[in-house]
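How does one read a two-chain model, feature by feature? Here is a short tutorial dialogue on the topic.

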Protein chains: 2
Amino acid sequence: MHKGCEMLDVRYLERAVELARLSVEKGGGPFGCVITCGDQVLAEGVNSVTRTNDPTAHAEIVAIREACRRLGSFQLSGCIVYASCEPCPMCLGAMYWARPQAVFYASTRKEAARAGFDDQHIYDEMPLADGERTLRIRRMGVPSHDAPFDAWKKHVARLAY
Amino acid sequence: MHKGCEMLDVRYLERAVELARLSVEKGGGPFGCVITCGDQVLAEGVNSVTRTNDPTAHAEIVAIREACRRLGSFQLSGCIVYASCEPCPMCLGAMYWARPQAVFYASTRKEAARAGFDDQHIYDEMPLADGERTLRIRRMGVPSHDAPFDAWKKHVARLAY
């Protein structure tokens, strides 16, 4: 999958699982994440939703933010993400934006569901139209809605010169 | 859709669009978000990915984190999210976790795509199996992978007494 040592991948993944287990002891959620670049650990994260009152503070998001802070970059090019569990749609989306070299995870979303974390429900909702969602969401037209993208296109064009 | 005044909804959505337009002038991405609770604005956010080197710093995530910080809660119960553009899968996932009362947006993902923001690609990837994704992701078994969920179930059971 990537150039590197499978033994090292297993070790980092075991560390992500250990972080997840330790997180429970500290009152957090049972999820951990490690991000490496080469042979260096850039960031570790645990689910900190309830501790920090931040619904986005899943282990992967916490680790991605810290790894990017340390790299001084909004991209994780060449980095590997090790997650104790299969990412939820929010975290998977974050990985598409961060573009790491590879992602490994240990437990599956089905195992997470058996422990009470229903990521599958959110996966099921992703392809639905607004009216079919359990989340109440809808488009509302406002006259100015094109203005940000118009400004962006002019800005990008200006930068291109 | 929710108890409240459509006029106010339009005003808050126009403010989200204005934030998105102003964000471009300041070198940020063309996305803005406002979160209200009752008649109070709890948080405003703009896309700060490049400015803060944080690939998760979409306008909605920035605003959700700030609103939750102000509420001292990891849930946005009773709150309304106004986004200048249809949320990407990462931000939509965050909304499922944060559970606001409703979400309104102005531009669609198709309009975002025409401006160069290809959220649709990530939507298309969401239902795929690991081997079909453009993101390199796969499950790797480690002997300890059940330990965090086992610890969690014991922890939850202990709390229930």
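The turns below go from symmetry to the contact, then to the sheet and a helix; the model is predicted.

Q: How are chain A and chain B related by a turn and a shift?

A: Two copies of a chain are related by a rotation about an axis and a shift along it. Here a turn of 180° and a shift of 0.0 Å along the axis lay chain A on chain B, with an RMSD of 0.0 Å. The two copies are thus related as by a two-fold rotation axis.

Q: Which C-alpha of chain A is nearest the axis?

A: That of A:Met90, at 2.0 Å from the axis. As for the contact, both copies use the same surface: 99% of the contact residues of chain A recur in chain B.

Q: How many residues does the contact take from each chain?

A: Chain A gives 67 residues and chain B gives 66. Several elements of chain A each supply at least two residues to the side that touches chain B, among them α1 (6-25), α4, α6 and α7 (147-160). By class, that side of chain A has 41 nonpolar, 14 polar and 12 charged residues.

Q: What is the strand order in the open sheet of five strands?

A: Strands of a sheet pair through backbone hydrogen bonds, either parallel or antiparallel. In this sheet the order is β2(A)-β1(A)-β3(A)-β4(A)-β5(B), and the pairing is mixed. Note the chain letters: β5 comes from chain B.

Q: Which strands stand at the edges?

A: β2 (40-46) of chain A and β5 (137-139) of chain B. Each has a single partner strand, so one side of each lacks a neighbour in the sheet. On average, neighbouring strands are turned by 15° against each other, direction ignored.

Q: Do β1(A) and β3(A) run parallel or antiparallel, and which residue of β3(A) is the bridge partner of A:Ile35?

A: β1(A) and β3(A) run antiparallel, joined by five bridges. A:Ile35 has A:Val81 as its bridge partner in β3(A). A:Val81 also has a bridge partner in β4(A), namely A:Val103.

Q: How do β3(A) and β4(A) run?

A: Parallel: five bridges join β3 (residues 79-85) to β4 (residues 102-107) in chain A. One pair there is A:Tyr82 with A:Phe104. With α4(A), these two strands make a right-handed β-α-β unit.

Q: Is β3(A) mostly covered or uncovered?

A: Mostly covered, with seven of its seven residues buried. Helix α3 (residues 59-71) of chain A lies across β1 (32-37), β2 and β3 of that chain. This helix runs at about 145° to β2(A).

Q: Where does a strand of chain A pair with a strand of chain B?

A: At β5(A) and β4(B), which run parallel and are joined by three bridges. A:Arg139 has B:Tyr105 as its bridge partner in β4(B).

Q: Why is helix α4 of chain B largely enclosed?

A: An α-helix has 3.6 residues a turn, so residues three or four places apart point the same way. In α4 (residues 89-98) of chain B, 10 of the 10 residues are buried, so the rest of the structure largely encloses this helix. The buried residues include B:Met90, B:Leu92, B:Tyr96 and B:Trp97.

Q: What do the buried residues of α4(B) pack against?

A: Elements of both chains. From chain A come α4 (89-98) and α6 (119-125). From chain B come α3 (59-71), β3 (79-85), β4 (102-107) and α6 (119-125). Just after α4(B), B:Arg99 takes a positive phi of about 55°.

Note on methods
Residues are numbered from 1 along each chain as its sequence is written. Chains are lettered from A and ligands numbered from 1 in the order in which they are written. This is a predicted model: local features need pLDDT of at least 70, side-chain atom pairs count only at pLDDT 80 or more; totals for chains, interfaces and linings use all residues. Copies are superposed by least squares on the C-alpha atoms of residues with pLDDT of at least 70 in both. Two residues are in contact if their C-beta atoms, placed from the backbone, lie within 7 Å. A residue is buried if 20 or more other C-beta atoms lie within 10 Å of its own, exposed if 12 or fewer, and partly exposed in between; C-beta atoms are placed from the backbone. Helices (H or I, at least four residues) and strands (E, at least two) are DSSP runs, numbered from the N terminus. Two strands pair if DSSP finds at least two bridges between them. Axes are lines fitted to C-alpha atoms, for helices over the stretch in contact, and angles run from 0 to 180 degrees between N-to-C directions. A crossover is right-handed if, with the strands pointing away from the viewer, the path from the first strand over the helix to the second runs clockwise. Ala, Val, Leu, Ile, Met, Phe, Trp, Tyr, Cys and Pro count as nonpolar, Asp, Glu, Lys and Arg as charged, and the others, Gly among them, as polar.
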